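Open the model in your viewer and keep the sequence panel beside it, since this tour moves from one selection to the next. At each stop, make the selection, turn the view slowly, and compare what you see with the description.

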Amino acid sequence: MSRKSSDDYNLRSMSNLMGERRKRAADDGERSLIKAPSSASLSSAGPSAASPAPADLERAARKQFQQDVTPGFVYVLAAFSAIGGFLFGYDTGVVSGAMLLLKRDMNITALWQELLVSGTVAAAAVSALLGGCLNGLFGRRVCILTASSAFAIGGIVMGSAPNKEALLVGRLIVGLGLGK
């Protein structure tokens, strides 16, 4: 069963076929991932025409993308994220020095030392496992603000902890904030 040579496809014919499909898609008005600018911005971007060429649309979309300004809320979120990372490192370094004082003041055993130090990491691991689902449900902004708030609340609980149980609860809350 042999094929005719006209039915055989080679790399050049496939490339030509794809080129024709692209031209047809552009002519038929296939939608792009880039948001097409309004007709007012097209008329100010270049010569006005009844139907602008795809190259003009792309050029106008790139110009609009380059002119977009980053909202201030993004900078606030980035600051909260940076502060959260800094605080995690600071907390990890400080807990070893604080354990010496806590052992004496709160009569902490070796088991409680292990719980207080590893409780934050364990809560962060559990929270990190849930972080993807939470980001999908609520979005990144809400999750970052919630994580920052949880870290702050955990810090307040730890700062005002009268006993080792309250200190452990504060460390767990901080861990939940770290993992998101």
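Begin by selecting F86 and Y90, both of which are exposed in this predicted model. A search of the whole structure finds 1 aromatic pair. F86 and Y90 form that pair, and the two rings are stacked, with 6.1 Å from centre to centre and 20° between their planes. If you colour helix α4, which covers residues 72-105, you can see that F86 and Y90 are 4 residues apart in this helix, so about one helical turn separates them.

Now zoom out and colour the chain by secondary structure, which comes to 7 helices and 0 strands. Reading from the N terminus, you will pass the elements in the order α-α-α-α-α-α-α. The chain has 180 residues, of which 21% count as buried. Contacts between residues at least 6 apart in sequence are worth a thought here, because what counts as a contact is a pair with heavy atoms within 4.5 Å. Among such contacts in the chain, 67% join residues at least 24 apart.

Next, look for the interior. In soluble globular proteins, nonpolar side chains tend to be buried together. Select V95, M99, L102, I108, W112, L116, F151, M158, A161, L167, L168 and V174, the 12 residues that make up the largest nonpolar core. Which elements give two or more residues to this core? They are α4, α5 (110-138), α6 (140-159) and α7 (164-179). Staying with one member of the core, select A161 and look at what surrounds it: leaving out residues up to four places away in sequence, A161 touches M106, A166 and L167.

With the core still shown, hide everything except α4 and α7. The axes of these two helices come within 11 Å and cross at roughly 160°, and α4 and α7 are therefore roughly antiparallel to each other. As you turn the view, note that the crossing of α4 and α7 is left-handed. To find where the two helices meet, select G84, F88, D91, V95 and L102 in α4 together with L167, R171 and L178 in α7.

Keep α7 in view and replace α4 with α5. Are α5 and α7 roughly parallel or roughly antiparallel to each other? Their axes are 6 Å apart and the helices pack at an angle of about 30°, which falls under 35 degrees, the limit for calling a pair roughly parallel, and α5 and α7 are therefore roughly parallel to each other. In this case α5 passes α7 in a right-handed crossing. The contact includes W112, L115, L116, V117, G119 and T120 among the residues of α5, and K164, E165, L167, L168, R171 and L172 among those of α7.

Two residues of α5 deserve a closer look, starting with S127, which is found in this helix. With a relative accessible area of 4%, S127 is buried. If you leave aside its neighbours within four places in sequence, S127 is in contact with G175, L176, G179 and K180.

Then select V117, whose place is also in helix α5. V117 has a relative accessible area of 37% and is partly exposed. Leaving aside neighbours within four places in sequence, V117 is in contact with V95, M99 and R171. You can draw a distance line from V117 to M99, which are 18 residues apart in sequence and 8.6 Å apart in space, C-alpha to C-alpha.

Move on to helix α6, where S148 is found. Its relative accessibility is 18%, so S148 counts as buried. A second distance line is useful here, as the C-alpha atoms of S148 and V174 are separated by 9.2 Å, although these residues lie 26 residues apart along the chain.

For the last stop, select N107, which lies in the loop between α4 and α5. Most residues other than glycine have a negative phi. N107 is not a glycine, and yet its phi is positive, at about 55°. What is the relative accessible area of N107? The value is 61%, so N107 is exposed.

Notes
Residues numbered from 1 in each chain as written. Predicted model: local features only at pLDDT ≥ 70, side-chain atom pairs only at ≥ 80, totals over all residues. Heavy atoms only, no water. Phe/Tyr/Trp six-rings, centres within 6.5 Å; stacked < 30°, edge-to-face > 60°. Buried < 20%, exposed > 50% of the residue type's maximum accessible area, 1.4 Å probe, protein only. Core = buried A, V, L, I, M, F, W, Y, C linked by side-chain atoms within 4.5 Å. Axes fitted to C-alpha atoms, helices over the stretch in contact; angles between N-to-C directions. Parallel < 35°, antiparallel > 145°, perpendicular 65-115°, else oblique. Left-handed = near helix turned anticlockwise from the far one by under 90°.
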